[in-house]
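User: Could you go through some side-chain contacts with me? I'd like to start with the charged ones.

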Amino acid sequence: MRKVDHDSRREEVAGAAASLIANKGLEALTTRALAKELGCSIGVLSHYFSSKEEIVIAAFRWADQRIDLRMQEAIADDSPNIESFFPVIKAGLPLDTESDLEWRVRLNLHTFALTHDASLQAEREKTKQFRDLMVIMIGSMQNKGHVTKELSAEDITSIAFDLVNGMAKNLLMCPFEEREAKAEYLFRMIELLKPPA
């Protein structure tokens, strides 16, 4: 029971840290501000995390887990094709307030990771896991004739990954009501991956 409580409290701290980062920027994440947000002492925080960087990594994972969960739910199709791929891409974009917060955390942490080795390593590992999953999914679609074999599954994954990451960053600059329309061209591009009839 104690382990569950400990993990639950760490999750709560990570969520509060993510919210601070998303709403006020990484520079606003101090142990003092975080303790105030949680209504606890700085000493209580140090019981769960040994450093600010550890809290930052936890916030990054907190945001990523939520993005991953939406994408896994979207991948539920046993026989994926181009049409079933659209919800997966959509799940990875900041099109609502929840995903907007998660992407704001991710973008703040990208900058942080460039100067903090542990964070950079965590981000590289997460990116590799996601790319590996995408390669398998696209390879499966190619084997079933749903996606062209003119490009390798690895190349298609890289293109999709880079487009979604770039688009997500651009969408954060737009009002919510414009985001869906601005994302439409990406889905038209994905249609081009269908093999010739």
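User: Which side chain does Arg 106 meet in a salt bridge?

Analyst: The partner of Arg 106 is Asp 64, at 2.8 Å from N to O, where a salt bridge is a side-chain nitrogen of Lys or Arg within 4 Å of a carboxyl oxygen of Asp or Glu. This is a predicted model, in which local features need pLDDT of at least 70 and side-chain atom pairs count only at pLDDT 80 or more, while totals for chains, interfaces and linings use all residues. Residues are numbered from 1 along each chain as its sequence is written, and side-chain values use heavy atoms, without hydrogens and water.

User: Are Arg 106 and Asp 64 buried or exposed?

Analyst: Both Arg 106 and Asp 64 are buried, meaning under 20% relative accessible area, with exposed over 50% and partly exposed in between (1.4 Å probe, protein chains only).

User: Does anything else involve that arginine, and which ring does the charged end of Arg 106 sit over?

Analyst: The charged end of Arg 106 sits over the ring of Trp 103, 4.5 Å from its centre; the rule asks for NZ of Lys or CZ of Arg within 6 Å of the ring centre and within 35 degrees of the ring normal.

User: Switching over, how many salt bridges are found in the whole structure?

Analyst: The search finds ten salt bridges, including one between Arg 179 and Asp 100, whose closest N and O atoms are 2.9 Å apart. Arg 179 and Asp 100 are both buried, and they belong with Arg 104 to a network of salt bridges.

User: And what about Arg 131, which acid does it meet?

Analyst: Arg 131 forms a salt bridge with Asp 162 at 3.5 Å, N to O, and Arg 131 also lies over the face of Phe 161, 4.2 Å from the ring centre.
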